[in-house]
Amino acid sequence: MKTDKTCWMKTDKLCRMKTIVTGAAVVCGVLGLQAQTESPDSLPAQDLQEIVIEAPKVIRKADMDVYHPSKSAVDNSKNGMQLINNLMIPSLNVNDVLGSVQAAGQSVQLRINGREASVEQVRALLPETVRRVEWIDNPGLRYGGVNYVLNIVVSNPAVGGSLQAQARPALNEAWGYYMADAKLNVGRSQWEVYASCKLTEDVKIYRDYNETFTRPDGTSVSRSETPRGGRLDNTLPYYFASYNYIKPDTTVFVAQFTNQQHLGNLTEYRGRVSYDNGTDDIRLTERFGDKGNYPALSLYLEQNFVRCQKLVVDFSASMYFGSSWSDYIEQMPDVADFLADIHTSIRDRNQAYAVEADYIKKWSNSRFTAGASYKANRNRSEYENLGGSIFHQRQDRLYFFAEYFHRFGRWTATAGMGVQYTDFLFRESDRGNHSWNPRPQATVTYSPNQNHNLRLSFSSWQSTPSLAETNVVPQQLDGFQWRVGNQSLKTASSYMLLFSYGFNLPRVNGTFGVRAFTSPDAITPLLYWEGDRLITTYENSRGLQNLSFFIAPQIEIIPDWLTASGYLQYRMERMRGTGYDLRHNGWSGNASVQLSHWGFVLSAQYVRSQRDLWGEKISWGEDINVIDLSYNWKSWQFSAGMIMPFGKYDQGSRSLSQWNRNEQHMRLDMRMPYISVSYNGSADFSGGRERVSRV
């Protein structure tokens with residue numbers, strides 16, 4: 001029976017022919033040397049030098065970059081997150097300490113053997129089982145509009161098991177990370193159980209905050225906040241149990257149950273507020289948080305058929321049981337009555353279901369992919385502060401696509417079309433919306449050789465309104481501000497054009513390019529006055545456009561010893577909505593340096609987060625840096641490091657609205673030294689045999 005293995009053999013036929021010809025030439029050369037040594041009047045024979053074949057660090061394909069982990073990268077890693085960090089993929093920002101994976105300030109969809117995975121599931125991977133890592137910075141229609149995809153292809157040992165464990169406590173705060181994972185392999189099957197806990201308890205925080213409210217008649221009031229302290233709690237236990245079955249080149253099946261708990265996600269700020277009318281020394285307490293459980297079940301089947309055909313079916317179901325709350329309190333010192341006393345408490349019971357089926361057919365120079373998916377969300381919210389009022393939202397999404405890839409010598413082209421149908425309804429008001437939206441996508445790549453390629457791609461996707469954006473229940477935020485959703489919102493479309501050049505040079509590889517983006521009807525916040533209340537609602541705006549220039553290099557400063565990688569971007573943006581037309585330019589990026597030798601690894605990371613203009617607000621994530629020194633000895637790893645050894649932690653936003661101009665900086669006591677001990681022990685009683693899944 002012809003399986004996917006046959007397809008790979010066909011695809012690599014030319015490479016094998018080149019290998020055979022090269023091998024024949026080497027053999028003929030050796031025989032010729034031997035013949036010359038037998039001739040009495042020939043020159044003295046010379047030793048044949050050892051032939052060393054080195055694969056490039058990155059293999060540039062038309063639709064992805066492929067990285068094969070080196071022996072040193074595997075030896076210096078004790079889990080999957082450390083391994084992809086040690087690959088130092090230029091565009092990728094991997095932070096094992098904080099448990100995050102991003103690229104260009106955007107989220108990255110993680111996959112294991114083609115199946116969606118979480119950071120925790122990637123962390124649980126055994127580095128020695130990773131065969132290759134596929135970096136896809138221009139995902140096709142199959143991936144449903146995500147920004148980036150990182151697919152990690154692994155194999156299962158045939159017999160044996162493994163145990164992983166890690167403890168990483170901070171030395172000056174109740175902060176840390178702890179995990180344990182066990183795997184058992186029998187034949188083509190693997191059973192796994194995993195548990196982890198991200199500890200954050202009573203970490204000291206504060207904020208710098210000031211704002212000015214301007215009414216339509218031109219009068220204004222300003223207030224500034226002097227911090228008096230605050231705290232952050234965010235302890236997250238996470239565990240899963242899974243079973244996977246891999247029959248090489250034929251079948252992959254995965255069943256997995258996960259649960260993530262929020263034991264008490266709390267952010268609290270305390271400050272002293274002063275108004276420009278002379279009122280000062282108002283004691284402010286603002287807190288918000290949530291707690292609950294996220295149980296989920298996923299089933300994944302990949303089946304190969306004759307004539308290079310593959311069917312992939314993916315099903316998932318998840319639930320959320322929990323509550324969220326917020327408190328805003330203003331009080332004068334030594335006064336019993338409150339100037340403002342606002343409490344919101346919401347109990348949620350949400351369900352989500354998704355099923356996807358994809359068909360893939362391969363030929364020697366082409367590939368056809370088609371698929372369909374359905375996603376359903378059912379949300380129920382009970383507002384305890386409104387007398388127990390209950391609201392329901394139903395949201396459904398259907399998606400169909402077809403895509404064709406073909407190779408024309410040094411050129412490749414991919415073109416496809418997706419169609420998305422979205423429908424959402426609010427039961428209590430019997431209001432909703434539905435729409436059909438096309439999703440075209442196309443890519444052209446020119447590759448003069450495996451070390452260089454030029455790519456031009458166009459992609460599009462849709463964004464549906466969220467429950468928070470459409471909930472019409474008025475929610476008071478503080479003494480001035482309220483939030484009310486808009487049930488007339490429509491699904492918004494986004495379009496992106498990308499030109500990039502990927503290169504491999506001696507000791508240097510990377511990518512640089514330009515990216516143009518537009519979302520002509522983006523869903524954004526809208527502020528307006530209603531009497532003495534400043535209302536935040538949402539609208540389909542007049543659009544966001546931005547243009548980005550970026551470069552992402554990896555440099556081997558000292559081969560096998562010292563490597564640096566990074567990403568640098570300059571972006572120009574324009575955002576238009578009701579009553580405003582705003583522009584913003586800015587730099588962002590990240591840099592990593594790694595020195596490794598004799599089992600020691602010294603690494604440093606720096607991140608300047610992307611400043612995003614959305615609506616009338618510029619917001620940014622964490623500006624952060626980390627240093628770490630680790631030593632690997634047999635199955636153990638010992639390390640010590642510090643988060644934020646330099647500079648000041650910053651995460652915040654700046655509002656540019658004519659009705660409310662404010663700037664907020666969240667400051668965290670993040671200068672935290674830590675130690676870490678990791679263990680990765682495995683046993684394989686099969687004599688090194690492995691079951692490998694080709695994806």
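**Surface patch, strand pairing and a buried helix**

Y239, F257, L297, L299, F315, Y353, V355, Y374, L398, F400 and W436 form a nonpolar patch on the surface, and their accessible area together is about 940 Å². Three elements give two or more residues to this nonpolar patch: β17 (282-305), β19 (340-362) and β21 (389-408). The model is predicted.

One patch member, L299, has its place in strand β17. L299 counts as partly exposed because its relative accessibility is 33%, and the partly exposed class lies between 20% and 50%. T285 also lies in strand β17. T285 is buried, because its relative accessible area of 15% falls under the 20% limit. Neighbours within four places in sequence are left aside in what follows. T285 is in contact with R228, Y269 and R270, and also with D327, Y328 and I329.

Another patch member, L398, has a bridge partner in β22, namely Y421. Strands β21 and β22 (residues 411-426) run antiparallel and are joined by 16 bridges. The two strands form a hairpin with two residues between them. In the turn, G409 has a positive phi of about 65°.

Strand β22 is also joined to β23 (residues 431-449). Here too the count is 16 bridges, and the strands run antiparallel. W411 has Y446 as its bridge partner in β23. The hairpin of β22 and β23 has four residues between the strands. Within this hairpin, D430 takes a positive phi near 55°.

A further sheet was examined for strand order. This open sheet has four strands in the order β25-β26-β30-β29, and its pairing is mixed. Its edge strands are β25 (475-476) and β29 (523-530), each of which pairs on one side only. β25 is joined by two bridges to β26 (residues 481-483), and these strands run antiparallel. Across this pair, Q475 stands opposite R483 in β26.

Helix α4 (residues 80-87) is largely enclosed by the rest of the structure, because eight of its eight residues are buried. The buried residues are G80, M81, Q82, L83, I84, N85, N86 and L87. Both ends of the helix were inspected. At the start of α4, a side-chain oxygen of N79 reaches to within 3.0 Å of the backbone nitrogen of M81. After α4 comes M88, whose phi is positive, near 55°.

Strand β40 (residues 672-684) holds V677. V677 is partly exposed, because its relative accessible area is 35%, a value in the range between 20% and 50%. V677 and W636 are 41 residues apart along the chain, yet their C-alpha atoms are separated by 7.4 Å. Residues up to four places away in sequence are not counted in the contacts of V677. Those contacts take in A165, Q166 and A167, together with W636, Q637 and F638.

Methods: Residues numbered from 1 in each chain as written. Predicted model: local features only at pLDDT ≥ 70, side-chain atom pairs only at ≥ 80, totals over all residues. Heavy atoms only, no water. Pairing = 2+ DSSP bridges. Patch = residues over 30% accessible without salt bridge, like charges linked within 9 Å, V, L, I, M, F, W, Y side chains within 5 Å. Areas by Shrake-Rupley, 256 points an atom, 1.4 Å probe, with all protein chains shown as cover. Salt bridge = Lys/Arg side-chain N within 4 Å of Asp/Glu carboxyl O. Buried < 20%, exposed > 50% of the residue type's maximum accessible area, 1.4 Å probe, protein only. Polar contact = N/O pair within 3.5 Å; in protein donor to acceptor, adjacent residues only side chain to side chain. Contact = heavy atoms within 4.5 Å.
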